Amino acid sequence: MRCQHCGHEVPNDSAFCNHCGYRMSNEVTCSYCHQPMPSTSVFCPHCGKAVDNAVNVASRETTAGIQGTARPTTYNEQRAAAARQAQRQANAWQQPTPVEPDGDDDDNDNGESRRSHYDRNLIIGIIVAAVLIGLLSLLRHCNSQENDRLAERADSAAIIADSSQDAVQILSAELSRNNMTDDKAYTGCAVKFSGTDPDTPERIVGVTYKDDTDRPFIKVYNLTRDGAQWKTELGQTKYFDGRSIIMDNSSLIADAMNVPRAVNIDGKQYLYFAFLNHLKGAGEGNNGRVTLCLYDIDSKKLTTLTYDGQIRSRTDGRQYVYSRGPLESTSGSERRFLQQEASNIGAIRVATQEEIDAEEEAKAQEEEAKALEGEENADAKWDHDNAENMDKLKEGEEVKMKPTQYDKPIINMKEIKEKLENDRYLVFLDTKGSVVGFNKSTRKYFTIYAGKNGSASGISLAGDNNVVIKTPNGSITYDLVHDKAKTSN
């Protein structure tokens with residue numbers, strides 16, 4: 001006969017399997033009510049208690065293996081488990097012995113299931129181990145590369161990771177590496193120049209500036225690619241005494257695509273850049289400047305074009321320089337280029353010729369008015385203001401004169417030739433032929449007649465408010481109250 005549990009042949013009339021210890025009888029006795037029942041019972045059909053027979057033990061072991069739980073075992077179970085463990089050790093890595101179907105499919109399926117679980121777990125473990133080994137190798141490789149990069153940077157701060165690295169960052173790193181930052185200048189701009197042929201090295205030209213000193217300056221540096229490093233050289237230094245330096249596109253009101261940039265003029269490569277350099281502390285109405293620059297990267301020559309003028313404000317609040325044009329001559333290809341570029345900078349406003357003419361006229365009038373200010377210029381101012389009125393008087397018209405009142409005397413009392421007086425006015429004629437009035441009420445002096453039109457030879461009162469003035473061209477009657485004059489017989 002064969003054991004229903006392990007499939008091995010056992011002697012006839014055996015009570016237990018001599019391979020796995022499984023009970024061979026088809027009936028078992030309930031350990032609780034001691035009634036007979038089929039050996040495959042899980043629960044006693046008489047008392048309903050869970051049965052501790054071999055089939056039930058195997059079922060519980062399978063369930064415990066799946067759920068990862070443990071429970072106390074009976075003596076029979078311990079014997080059966082020990083036998084199965086010995087069999088598994090003996091038959092490890094071997095194919096299971098073929099078993100003819102005998103109705104115990106559940107037990108066979110259970111063994112195959114455990115074997116498939118074992119194989120699956122083994123494969124998963126191998127895969128996980130391979131992945132972990134790969135990750136560790138990758139981390140070790142990355143760490144090695146990073147250590148190599150750090151070692152290279154320790155030797156040179158300017159190793160270029162790729163061609164797209166920002167030129168400003170390279171300039172700052174190289175100046176620091178070459179101990180060229182003692183002036184504590186700011187980095188204004190930097191532009192990369194690619195080699196035009198295999199024999200021309202890659203270059204960078206950059207500008208730094210310092211504004212918080214008595215002598216603000218800009219410095220232009222040349223950087224030339226030498227293998228993995230850069231050779232750094234100071235090309236130009238320019239000072240701007242008493243002026244501030246502002247080097248940003250917002251203040252210039254310029255497109256960052258235009259300022260700064262690399263340009264080619266007559267086959268030469270230049271760095272084009274611009275900046276503000278107003279008077280220190282200057283605001284609206286004060287003098288301001290915008291300087292445009294071309295730096296020849298081969299000859300290291302710096303060409304500038306300066307727009308100077310009054311600082312004014314736009315409607316958006318930003319400031320600009322109102323200029324009549326550049327201070328320097330615009331001859332030469334470099335300055336002609338800069339003059340053309342000035343139209344792209346919003347911080348520059350160049351006046352038209354009509355505006356310049358109007359400004360010249362206004363300036364002349366302002367200077368003339370300034371020259372006529374003061375008591376000593378009273379006669380000249382009266383002649384200037386009443387020139388048209390005197391022409392009309394000669395034609396016999398009555399005109400409204402334009403007198404200017406002064407707080408101080410406008411006549412030398414030592415040169416008085418004649419004097420008239422009533423309750424309201426004093427009238428004086430001096431030796432130069434000028435007539436001056438004095439209002440007793442307002443305590444103001446004013447010119448009645450200036451000798452430029454012919455010296456007055458005498459004065460007289462005509463009523464309380466009129467004075468008659470004798471001139472070479474006839475007599476003039478002047479109304480002191482209304483400042484009106486007319487020619488009299």
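Select Asn389 to begin: at 10% relative accessibility, this residue counts as buried. Asn389 belongs to helix 9, which spans residues 387–394. The model on display is a predicted one. With Asn389 still selected, show its surroundings: apart from neighbours within four places in sequence, Asn389 is in contact with Val399, Lys400, Met401 and Lys402.

**Helix 6**

Next, select residues 333–341, which form helix 6. Which residues of helix 6 are buried? They are Glu334, Phe337, Leu338 and Glu341. Turn the view to look down the axis of helix 6: the buried residues fall within an arc of 95°, so they line one face of the helix. Now add the elements that cover these residues, which include strand 7 (261–265), strand 8 (268–276), strand 9 (287–296) and strand 10 (302–313).

**Aromatic pairs**

Turn next to the rings. How many aromatic pairs are there? The count comes to seven. Select Phe217 and Tyr239, an edge-to-face pair whose ring centres are 6.0 Å apart and whose planes stand at 65°. Phe217 lies in strand 5 (residues 217–226) and Tyr239 in strand 6 (residues 229–239), so the pair ties together parts that are 22 residues apart in sequence. Are the two partners buried or partly exposed? Phe217 is buried, with a relative accessible area of 8%, whereas Tyr239 is partly exposed, at 42%.

Keep Tyr239 in view and add Arg215, whose charged end sits over the ring of Tyr239, 4.1 Å from the ring centre. The ring of Tyr239 thus has two partners to display: Phe217 in an edge-to-face pair and the charged end of Arg215.

Move on to Phe240, Phe273 and Phe275, which ring pairs link into a cluster. Then select Arg312 and Tyr322: here the charged end of Arg312 sits over the ring of Tyr322, 3.8 Å from its centre.

**The whole chain**

Finally, clear the selection and show the entire protein chain, which contains nine helices and 22 strands. Colour the chain by burial: buried residues make up 33% of its 489 residues. Among contacts with a separation of 6 or more, 45% are between residues 24 or more positions apart. Display the surface last: the accessible surface of the protein chain comes to about 28,900 Å², and 48% of that area belongs to carbon and sulfur atoms.

Technical notes
Residues are numbered from 1 along each chain as its sequence is written. This is a predicted model: local features need pLDDT of at least 70, side-chain atom pairs count only at pLDDT 80 or more; totals for chains, interfaces and linings use all residues. Side-chain values use heavy atoms; hydrogens and water are left out. Buried means under 20% relative accessible area, exposed over 50%, partly exposed in between (1.4 Å probe, protein chains only). Helices (H or I, at least four residues) and strands (E, at least two) are DSSP runs, numbered from the N terminus. The arc is that of the directions from the helix axis to the C-beta atoms. Contact means heavy atoms within 4.5 Å. Rings of Phe, Tyr and Trp (its six-membered ring) pair if their centres lie within 6.5 Å; planes under 30 degrees apart count as stacked, over 60 as edge-to-face and the rest as tilted. A charge sits over a ring if NZ of Lys or CZ of Arg is within 6 Å of the ring centre and within 35 degrees of the ring normal. Accessible areas come from the Shrake-Rupley method with a 1.4 Å probe; for residues, only the protein chains shown count as cover.
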